[in-house]
Amino acid sequence: MTVQEEGLGDLEVWIDQDLCTGDGICAQYAPEVFELDIDGLAYVKSPDDELLQEQGATTPVPLPLLNDVRESAKDCPGDCIHVRRVSDKVEVYGPDAE
Ligand code: SF4
């Protein structure tokens, strides 16, 4: 099912670094969106490839990468990748999704 079919609209993703184990699974699945910093924790990247290190920083989920980002959230050992709708901030994939 596509995002449009699910009616999800634009999505954004953020990482709770407090729970990140630093295993790097997300950066393997979606290196365009996630990257490990020298502190050993994963962060999201802006569309122009800048590492966003503020707590709770979000970045848009590009539609072609949605599956990779969704799988990252699913397989994240720290349960700390949160994907939510931009419009109402409701989490659609991740530990707080319904
Ligand atoms: S998959 Fe989760 S726990 Fe692993 S590095 Fe990425 S955010 Fe951290």
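Here are a few questions and answers about this predicted model.

Numbering starts from 1 along each chain as its sequence is written. Since the model is predicted, local features need pLDDT of at least 70 and side-chain atom pairs count only at pLDDT 80 or more, while totals for chains, interfaces and linings use all residues.

Q: In what pattern do the helices and strands of the protein follow along the sequence?
A: Helices (H or I, at least four residues) and strands (E, at least two) are DSSP runs, numbered from the N terminus. There are three helices and seven strands here. Read in order, they give α-β-α-β-β-β-β-α-β-β.

Q: Why does the protein count as compact as a globular protein of its length?
A: Take the radius of gyration over C-alpha atoms, and the globule rule as 2.2 Å times the number of residues to the power 0.38. For 98 residues the rule gives 13 Å, so the protein is as compact as a globular protein of that length, with a close value of 12 Å.

Q: Which residues of helix α3 are buried?
A: Buried means 20 or more other C-beta atoms (placed from the backbone) within 10 Å of a residue's own; exposed means 12 or fewer, and partly exposed is in between. Helix α3 covers residues 66-75, and its buried ones are Val69, Arg70, Ser72 and Ala73.

Q: Why do the buried residues of α3 line one face of the helix?
A: An α-helix has 3.6 residues a turn, so residues three or four places apart point the same way. The arc is that of the directions from the helix axis to the C-beta atoms. Down the axis of α3, the buried residues line one face because they fall within an arc of 155 degrees.

Q: Which exposed residues does the face of α3 turned away from its buried side carry?
A: Look opposite the buried side of α3. The exposed residues there are Asn67 and Lys74.
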